[in-house]
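Keep the sequence and the coordinates side by side while reading. The account below starts at a loop and then moves through the strands, the helices and the core.

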Amino acid sequence: MTTDESPYQRPFEEWDRPQEPWMLPGECRNPDDRSLLLEMTTRAVFPTVLVFSLYLLLVGHYGPGGGFSAGLVAGLAFVLRYIAGGSADLGAVMAPRVPAVIGSGLALALVTGLVPAAFGAPVLSTTKLAVDLPLLGPIELQTSLFLEIGVYVLIIGVVLDLLRALGTGIERDMDDAGELP
């Protein structure tokens with residue numbers, strides 16, 4: 001659209017159609033399949049949902065929440081980002097190897113569960129760690145937080161793997177039908 005052209009001179013159906021890439025990676029899907037409202041809302045909501053998932057992770061020991069529910073909330077943020085930007089958007093900022101994410105989450109949860117047995121305590125037992133940090137002061141946390149972090153990473157990896165597997169099939173079918181550029 002030129003600078004002297006009014007948006008009202010375009011047909012009503014094209015008012016919401018983005019004229020340039022709005023998502024972070026700069027990769028554009030087919031302009032006919034894009035929504036400016038969805039892309040801009042996703043840009044605002046995505047980091048907020050990730051921070052909320054971290055909140056759920058950290059307060060999971062003292063109330064509702066924990067690694068599983070926090071991982072699902074973070075996974076929903078990635079699903080929203082996939083819906084708004086497609087598969088090119090998920091790996092644009094960083095392209096993690098999903099099996100490595102799943103494996104590291106599972107390994108962290110497993111090691112956290114088995115370490116107490118090495119010290120003669122029952123498996124999955126927890127203890128309180130106290131650390132005195134210079135700027136923050138004394139901080140206490142439960143060792144079960146590491147188990148929750150492992151579950152959190154595991155669930156995020158599983159959701160990303162599902163998006164990769166299901167999204168590849170959907171995009172392949174769309175490409176076969178001639179709906180992708």
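**From a loop to the core**

Leu124 has a relative accessibility of 56% and so counts as exposed. The model is a predicted one, and in it this residue sits in the loop that runs between helix H4 (98–118) and E1. The backbone of Leu124 has a positive phi, near 65 degrees, although the residue is not glycine. As background, most residues other than glycine have a negative phi.

The loop can be placed within the whole chain. The chain contains five helices and two strands, and their order along the sequence is α-α-α-α-β-β-α. Of its 181 residues, 27% count as buried. The exposed surface comes to about 11600 Å², with 67% of this supplied by carbon and sulfur atoms. Among contacts between residues at least 6 apart in sequence, 56% join residues at least 24 apart.

The two strands come next. How do E1 and E2 pair, in the parallel or the antiparallel sense? The pairing of E1 and E2 is antiparallel and runs over six bridges, and a hairpin of three residues joins E1 to E2. Two of the partnerships can be named: Val131 is bridged to Ile139 in E2, and Ala130 is bridged to Glu140, also in E2. None of the six residues of E1 is buried, so this strand lies largely in the open.

Glu140 also takes part in a side-chain pair. Its side chain meets that of Lys128 in a salt bridge, at 3.7 Å from N to O. The two residues are 12 apart in sequence, with Lys128 in strand E1 (residues 128–133) and Glu140 in strand E2 (residues 137–142). Both Glu140 and Lys128 are exposed. In general, side chains of opposite charge can pair when their charged atoms come close.

The whole structure has two salt bridges. The pair still to be described is that of Asp161 and Arg164, whose closest N and O atoms are 2.3 Å apart. Here the partners belong to one helix: because Asp161 and Arg164 are three residues apart in H5, about one helical turn separates them. Asp161 is partly exposed, at 27% relative accessible area. Arg164 is likewise partly exposed, its relative accessible area being 44%.

Helix H2 leads towards the interior. H2 has 19 residues, and from its first C-alpha to its last it reaches 27 Å, close to the 27 Å expected at 1.5 Å a residue. Which residues of H2 are buried? They are Gly67, Ala70, Gly71, Val73, Ala74, Gly75, Ala77, Phe78, Arg81, Tyr82, Ala84 and Gly85. After H2 comes Gly86, which has a positive phi, near 80 degrees.

Val73 is one of the buried residues of H2. Setting aside residues up to four places away in sequence, Val73 touches Val49, Phe52, Ser53 and Leu56. The last of these, Leu56, is 17 residues from Val73 along the chain, and the C-alpha atoms of the two are separated by 8.8 Å.

The largest nonpolar core has 14 residues, and those touching the most other members are Ala70, Phe78, Tyr152, Ile156 and Leu160. Helix H1 (36–59), helix H2 (67–85) and helix H5 (144–176) are the elements that give two or more residues to this core. H2 provides the largest share, six residues. Nonpolar side chains tend to be buried together in soluble globular proteins.

Tyr152 gives a view of this core from one residue. Apart from its neighbours within four places in sequence, Tyr152 is in contact with Leu50, Ser53, Leu54, Leu57, Gly67, Ala70, Gly71 and Ala74. Ala70, one of these contacts, is also among the core residues that touch the most other members. Ser53, another contact of Tyr152, is touched by Val73 as well.

Terms used
Residues are numbered from 1 along each chain as its sequence is written. This is a predicted model: local features need pLDDT of at least 70, side-chain atom pairs count only at pLDDT 80 or more; totals for chains, interfaces and linings use all residues. Side-chain values use heavy atoms; hydrogens and water are left out. A nonpolar core is a set of buried Ala, Val, Leu, Ile, Met, Phe, Trp, Tyr and Cys residues joined through side-chain atoms within 4.5 Å. Buried means under 20% relative accessible area, exposed over 50%, partly exposed in between (1.4 Å probe, protein chains only). Helices (H or I, at least four residues) and strands (E, at least two) are DSSP runs, numbered from the N terminus. Contact means heavy atoms within 4.5 Å. A salt bridge is a side-chain nitrogen of Lys or Arg within 4 Å of a carboxyl oxygen of Asp or Glu. Two strands pair if DSSP finds at least two bridges between them. The expected span of a helix is 1.5 Å times one less than its number of residues. Accessible areas come from the Shrake-Rupley method with a 1.4 Å probe; for residues, only the protein chains shown count as cover.
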